[in-house]
Amino acid sequence: MLPPSTSIEKAIDYYIEASWKEKKIKPAVAADDNAWLRRVTLDLVGRIPTSSEAKSFLEDKDPAKKQKSIEKLIASPLHLRHQAQEIETFLMNGTKGGMSEYLTKAIAENRSWDRIFKEIILADESDASNKGSSDFLKSRVKDLDRLTNDVSVAFFGVNVSCAQCHDHPLVHDWKQDHFYGMKSFFSRTYEVGNFLAEKEYGVVKFLPNKGKEKQADFMFLTGKTVKPAGMTEPTKEELKKEKEMVEEWKKNKTQPPKPKTSTRAMLLELALAKEDRDFFAKAFVNQTWNRFYGFGLVMPLDQMHSENPPSHPELMNWLARDFADNGFNIPRLVKGMVSSKVYGLSSRYEGESTPLAKDFAMARLKPLTPMQMGVSLRLAGQFLTGNDQDKKIDEISKGSKGLADQFAQPTEDFQIGVTEALFFSNSNRFQTECLGEGKDKLVTAMTSLATPEEQADLAVWSVLSRAATSDEKSVIAGYLKKHGANPQDASKQVLWSLMASPEFRFNH
Amino acid sequence: MSKIRKNYCGSSEHEVSRRQFLGSAAGGIAGASLLAQESLSAELKKQGKSVILLWLAGGASQFETFDPKPGAVTGGPFQSIQTSTPGVRISELMPKMAARFKDTCVIRSLNTRNGDHGSASQLMMRGRKDEASLKYPDMGAVLARELGKPESQVPDYVSFYLQTEGRNFSGSGFLGARFGPMELSKSVMPENINKPDHISEIDFHDRMALRNLWSKNFEQGRVSGTLASHQQAYLRVNGIMDSQKLFDVTKEPQKIRNQYGPTQFAEQVLIARRLAESGVPFVRVGRAWWDSHGQNFETHQELVPELDHVMATLLTDLEDRGMLKNTLVVTLSEFGRTPGINSSLGRDHFANAWSCSLSGCGIKGGSVFGKTDERGDKVVEGEIGAARLFATIYKALGINPQKNYYVGSRPVPLTDPGTEPVKEVLA
């Protein structure tokens with residue numbers, strides 16, 4: 001394995017290039033500057049670059065301009081919001097709840113991933129800085145099976161739901177003992193009014209598909225077990241007393257006291273123990289890799305087990321070690337991932353046989369997330385000038401939720417439906433929010449330009465964050481001339497065609 | 001429940017099938033590639049098939065529809081009448097269906113064990129319960145996938161649900177937005193289906209042509225299933241917009257409109273027929289307010305004759321048009337109603353012994369499957385749950401109920417592993 005002193009981007013390039021050599025794969029060329037800037041801006045701050053950002057990047061002759069852009073983007077407040085949203089999506093997708101209050105704060109303070117994990121699982125809001133951290137558990141505590149599986153998927157990349165009913169037929173790692181073992185750690189947790197409480201006792205029993213009912217051990221995915229107190233059933237007297245206490249807490253709306261032994265805290269100890277923290281580190285590395293490279297080192301993301309090895313095992317090991325050794329520092333990992341040459345490859349492949357997704361020899365098309373769509377569409381319809389652009393972008397970004405909600409969250413093998421195309425084509429909302437006229441609006445700026453060629457140039461820079469090719473320029477200019485009776489409408493139609501294009505719809 | 005997970009795995013041995021699935025999606029010719037996997041005759045059998053689901057939300061009473069028990073303490077005030085099949089009797093509230101019973105099979109032996117509106121609706125729309133981390137597609141999404149064409153110029157899943165009771169339980173689950181329902185919850189006209197006034201036909205067409213040019217340029221050297229679906233979605237826009245005339249009931253001859261009658265439910269069912277006629281594979285028409293915890297008999301006296309009339313008219317209309325052999329009409333609720341009559345003269349939720357009906361395509365008409373006891377307390381013959389009902393519906397349409405979809409590398413059959421269709425119900 002490469003030494004720990006290697007930078008993340010160098011390690012990525014080293015291992016991926018080695019695999020190309022071995023498989024005799026010719027990678028795609030590097031993406032051009034504008035494609036690269038659009039990609040990294042969408043990935044780090046969740047929006048397209050403005051035309052002025054795109055132009056100045058292109059003109060910048062500094063050989064270190066990419067690295068400088070990454071630094072600048074990561075340092076921006078929009079990055080923190082975007083990062084928090086991305087993590088919220090993968091933690092909370094499919095639940096009705098959110099946890100932006102806590103995550104926004106945690107990310108802004110650059111809390112490490114293991115700390116965030118601890119705070120979410122301990123869910124102790126008595127410390128004001130952890131407000132909202134219990135939302136992960138609260139939104140699932142009514143369904144312990146789901147809670148068990150969601151924790152395993154989100155933090156360990158392991159879907160154990162199959163093992164709920166039977167030992168995994170093909171994956172020897174997962175037995176019913178693992179599912180019920182994981183469930184045991186959460187089985188003492190329950191809701192009292194708006195608070196979470198944890199009992200001092202309680203075990204999980206289950207009916208294996210062979211044999212008699214058995215009591216689950218408190219078992220982590222590695223098979224390691226712990227034995228907390230309270231393995232026996234409480235007496236009737238104790239239960240009665242507990243019931244009274246619960247009524248009391250409910251009535252007074254108070255946070256129930258912490259238990260002497262928290263089994264959730266015991267799970268944390270097992271999961272983060274130096275020799276066993278691999279699951280935890282690898283799951284986040286894989287999740288993050290999937291986010292930036294459009295395809296995990298292990299796919300599906302929730303199938304990280306011995307029968308389904310990573311496409312690049314050494315790289316996975318190296319990244320996981322690096323992440324753990326450096327204190328599970330999120331921005332450090334993010335920065336490394338977007339700094340590699342592999343990240344910067346073109347999404348277009350000119351050669352004969354297109355490489356597979358798991359070869360990472362070309363950039364993968366990533367459908368924009370709802371928020372990326374909402375913010376980018378609204379931004380594309382603007383023509384921002386003056387010194388307070390950052391502030392304006394921030395306002396646009398904050399007001400984009402409604403538009404964002406019109407789009408579906410991408411999943412693996414995502415399919416875009418006709419509803420989206422109809423929304424673009426016929427809705428008033430799209431027309432008003434993306435193709436409005438007036439101050440700071442692109443339609444108005446476009447029509448104020450003298451020639452159709454200049455208008456074409458501005459349209460492509462603003463929507464696609466790059467210069468128009470000469471063909472595009474003449475096609476658009478031709479369109480504007482043909483529809484010249486009403487210049488505003490003609491401009492809107494051109495902008496519509498660009499916004500509805502796949503080049504806009506994807507991070508490419 | 002435990003059966004659902006029998007085939008779970010992340011093993012590499014499924015990679016080939018998975019790639020076949022992805023490959024077909026990537027080429028935008030999902031139909032063609034899947035065709036290779038199934039036999040040609042099976043594929044031909046599916047062609048031109050449609051389902052119209054009459055969804056009786058809230059839970060219709062089996063006693064006042066398909067499984068009357070006149071004279072029993074649980075029977076209520078209504079009598080039963082003879083149907084066109086000797087020996088088969090249904091509620092006197094359904095004289096028209098009794099007279100044209102020849103295309104219908106009534107299933108009287110559903111035991112689905114779930115009496116909660118929300119989760120029972122999901123169960124009866126999906127044929128199974130969601131898993132912790134897997135959302136199943138509902139019947140409409142599966143049929144959109146199975147019977148629809150990728151390039152189809154009509155919607156492939158339309159859902160009318162104008163009442164407020166019991167909404168929000170349909171969905172395409174892991175099949176994704178492509179197969180999700182076109183939901184009509186505010187009016188019978190779909191959202192964003194009409195060209196806005198601010199753009200002329202010509203301009204609308206021109207800007208789409210411009211978009212398609214950008215799309216063609218972008219696709220050079222790039223292959224992705226999602227990219228193909230994006231282009232496919234825009235190619236379908238004109239056809240879908242054109243299909244708005246299908247939703248306009250005034251386009252139907254007055255004579256036919258009179259036959260169906262003037263109610264909202266009747267109009268929606270008529271629109272459903274128009275859609276099926278134009279190749280829409282799945283239409284659900286939701287009719288709410290069956291949840292008769294109080295005044296069960298008045299409620300059913302009002303709702304059942306409407307259902308009877310509309311359903312009988314639909315079947316006759318389909319038959320007249322030669323469509324009945326290819327159209328399956330399903331009447332279904334989330335559950336039935338209790339044998340016991342409560343103090344408000346209502347019947348409560350009951351999922352242990354209730355009824356539904358299947359008519360038309362692939363169904364043995366004029367028949368009854370299953371039996372409840374004298375009071376309707378329990379099933380005594382032919383007990384089935386949601387899974388077998390779904391397997392039967394799929395089989396009637398020529399679809400293999402054990403066909404696999406792939407979620408990641410995991411094969412997920414259309415119905416729970418090992419589920420057999422009810423052959424007595426099938427033609």
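**Exercise 1. Place strand 11 of chain B among its partners.**

Start from one pair of residues: Cys105(B) has Leu358(B) as its bridge partner in strand 11 of chain B. Strands here are DSSP runs of E of at least two residues, and helices are runs of H or I of at least four residues, both numbered from the N terminus. This is a predicted model, in which local features need pLDDT of at least 70, side-chain atom pairs count only at pLDDT 80 or more, and totals for chains, interfaces and linings use all residues. Residues are numbered from 1 along each chain as its sequence is written, while chains are lettered from A and ligands numbered from 1 in the order in which they are written.

Step 1. Strand 4 (residues 104-110) of chain B pairs with strand 11 of chain B in the antiparallel sense, over five bridges; two strands count as paired if DSSP finds at least two bridges between them.

Step 2. Strand 8 (residues 327-332) of chain B is also an antiparallel partner of strand 11, over four bridges. There, Thr331(B) is bridged to Ser357(B).

Step 3. Is strand 11 of chain B enclosed or open? Seven of its seven residues (354-360) are buried, so the strand is largely enclosed by the rest of the structure. Buried means that 20 or more other C-beta atoms, placed from the backbone, lie within 10 Å of the residue's own; exposed means 12 or fewer, and partly exposed is in between.

**Exercise 2. Walk across the sheet that holds this strand.**

Step 1. The sheet is open, has eight strands in the order 6-5-7-1-8-11-4-12 (chain B), and its pairing is mixed.

Step 2. Which strands stand at the edges? They are strand 6 (182-184) and strand 12 (367-369) of chain B; each has a single partner strand, so one side of each is left without a neighbour in the sheet.

Step 3. On average, neighbouring strands are turned by 15 degrees against each other, direction ignored.

Step 4. For a parallel pair, take strand 1 (residues 50-56) and strand 7 (residues 282-287) of chain B, joined over six bridges. Ile52(B) has Val283(B) as its bridge partner in strand 7.

Step 5. Helix 13 (residues 386-396) of chain B packs on the sheet and touches strand 4, strand 8 and strand 11 of chain B. Its direction makes about 165 degrees with that of strand 8 of chain B; axes are lines fitted to C-alpha atoms, for helices over the stretch in contact, and angles run from 0 to 180 degrees between N-to-C directions.

**Exercise 3. Describe the side of chain A that touches chain B.**

Step 1. The contact takes 59 residues from chain A and 49 residues from chain B, where two residues are in contact if their C-beta atoms, placed from the backbone, lie within 7 Å.

Step 2. Which helix of chain A gives the most? Helix 19 does, with eight residues.

Step 3. On this side of chain A, 25 residues are nonpolar, 23 polar and 11 charged. Nonpolar covers Ala, Val, Leu, Ile, Met, Phe, Trp, Tyr, Cys and Pro, charged covers Asp, Glu, Lys and Arg, and the others, Gly among them, are polar.

**Exercise 4. Check the confidence.**

Step 1. The model scores ipTM 0.93 and pTM 0.84.

Step 2. Chain B averages a pLDDT of 87, and 87% of the residues score at least 70; pLDDT is the predictor's confidence in each residue, from 0 to 100.

Step 3. Where in chain B does pLDDT stay under 50? It does so over residues 1-38.
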